[in-house]
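User: Hello! I am new to this structure and would like to learn how to read it. Could you walk me through some features?

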Amino acid sequence: MSGTTQDDYTDRYARRVRGMTTSEIRALFAVASRPEVVSLAGGSPYIAALPLDAVGEMLGKLAAEQGTTSLQYGIGQGTVELRERICEVMALSGIHDASPDDVVVTVGGQQALDLIARLFLDPGDVVLAEGPTYVGALGVFQAAQAQVRHVAMDADGLIPAALVEAIAATGGRAKFLYTIPTYQNPAGVTLSEARREEILDICAAHGLLVVEDDPYGMLSFEGDAPLPLRARRRDGVFYVSTFSKTFAPGLRVGWILTPHAVREKLVMASEAMILCPSAFAQGAVTQYLSTMPWREQIKVYREVYRERRDALLSALEDMMPAGTSWTTPAGGLFVWATLPEGLDSKAMMPRAIAARVAYVPGTGFYADGVGTQNMRLNFSFSSPERLREGVRRLSGVMEQELAMRSLFGPELGDRRRRTAGAADVPGPDLA
Ligand code: PMP
């Protein structure tokens, strides 16, 4: 098959691959990673805040002193040592009744979501999810050929009445609610204390499983986060988290805390996919949690991100054109902005890249093409000065777009919107 083109494969793809579309945005992201571009687009933690020398020494020892196990195959569920440590980490978030037996170690939170989708979703099944939601979860549900129905949020997170409506509208066919209740990606909002019980009650009353995705709960800027849903209810709740944001995403270690009855099936599905999670990465996380001041490191990340959030918010306050609004996250990595009437974040992207600033257009976070008036802005990766410079460039582009619209009318934006492509599939820039 040498010399074949992409077209030669088209008829051979499985049906689930047909939903895997990409868009022109991806090409722009390749440019966005150049150093001269201020990227507000990614979801990358600020890894330079880690004590890299000490981590390096620890990794060296892991190979030299424990190589016969750390470089060997392991068991599908993950090592007992790490699963015990994970229970200690969850206790810090308020989940005190977790057994290491019900923890399945995964290749990041991303594989955890994929495993749950493999276990529960048939083609055509319905998943309820916040609108907007995590782009990587949309990719997983799309690959499972499921349909996502979005449930509206406000500043207090998922709206209970909207959830009831969505359940009714899908005729009770939804398999689960996928939710990121704390410091949500991309919206930066948190489900309020008062609503947490209500949401759980609604799901229980309708027999709806809950997949709680909680990568950001420990990255709070103002006091502790509300208790996770899983700390309030065991039955029917799958809790997914990761070391990507509290330690390092490069190790690709996450986990699921599963209802006991499902654990074996999850392990079998994971073994079919990867045999076992990386013994070396698990050893690294176990060593990190056993020998290094990881709780202090989380405090360091919180301080760095709080300062960066404040820098981004004050820059937005100072420079955004009238009619722009944004969320004020109490933790996590993202601000969600709503542009003035008539601006289209996706159509504006090439102009923004030319002005050397990047963001993720809101459409990437919806399964149904809405979100043209929104954008996600990341504040974890760039310094406060770079964030301010990024907002300065962005506001300049928006002012220009607004001026063009007032000169040439709204058709300009509409014509461009018609050329906009399909939903963005997840990639590192969209994490
Ligand atoms: N869930 C959410 C909400 C995320 O934002 C991310 C990463 N950005 C993940 C899951 C997956 O992260 P990882 O695979 O690195 O653990």
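User: Where should we start?

Analyst: Let us begin with R356, which is partly exposed, with a relative accessible area of 38%. Here, buried means under 20% relative accessible area, exposed means over 50%, and partly exposed lies in between (1.4 Å probe, protein chains only). This is a predicted model: local features need pLDDT of at least 70, side-chain atom pairs count only at pLDDT 80 or more, and totals for chains, interfaces and linings use all residues. Residues are numbered from 1 along each chain as its sequence is written, and side-chain values use heavy atoms, with hydrogens and water left out.

User: What is the phi value of R356, and where is the residue placed?

Analyst: Phi of R356 is near 65 degrees, a positive value in a residue other than glycine. R356 sits in the loop between α13 (349–354) and β12 (357–358). As for those labels, helices (H or I, at least four residues) and strands (E, at least two) are DSSP runs, numbered from the N terminus.

User: And L275: is that residue buried or exposed?

Analyst: L275 is exposed, at 53% relative accessible area. Its phi is also a positive value, near 65 degrees, in a residue other than glycine. You will find L275 in the loop between α10 (263–274) and α11 (279–291).

User: Now for the sheet. How do I read strand pairing, and in what order do the strands come?

Analyst: Two strands pair if DSSP finds at least two bridges between them. In this model, eight strands form an open sheet with mixed pairing, in the order β2-β9-β8-β7-β6-β3-β4-β5. The edge strands, β2 (103–106) and β5 (157–158), each pair on one side only.

User: Which strands pair with β7?

Analyst: Strand β6 (residues 174–179) runs parallel to β7, and four bridges join them. To follow this pairing residue by residue, look at F176, which stands opposite L209 in β7, and at T179, which stands opposite E212 in β7. Between these two strands the chain passes through helix α8 (residues 193–205), and this β-α-β crossover is right-handed. That term applies if, with the strands pointing away from the viewer, the path from the first strand over the helix to the second runs clockwise. Strand β8 (residues 237–242) also pairs with β7 in the parallel sense, over four bridges; there, V237 is the bridge partner of V210.

User: How many residues of β7 and of β6 are buried?

Analyst: In β7 (residues 209–213), four of the five residues are buried. For β6, the count is five of six. Both strands are described as mostly covered. When you look at side chains, remember that in a regular strand they alternate between the two faces of the sheet.

User: What does β6 pair with besides β7?

Analyst: Strand β3 (residues 126–131) pairs with β6 in the parallel sense, over four bridges. V126 has A174 as its bridge partner in β6, while L128 stands opposite L177.

User: Where are the cis peptide bonds?

Analyst: For these, look at the omega angle. One cis bond joins G131 and P132, with omega about 0 degrees, and P132 is found in the loop between β3 and α6 (135–143). Another joins N185 and P186, with omega about 15 degrees; P186 lies in the loop between β6 and α8.
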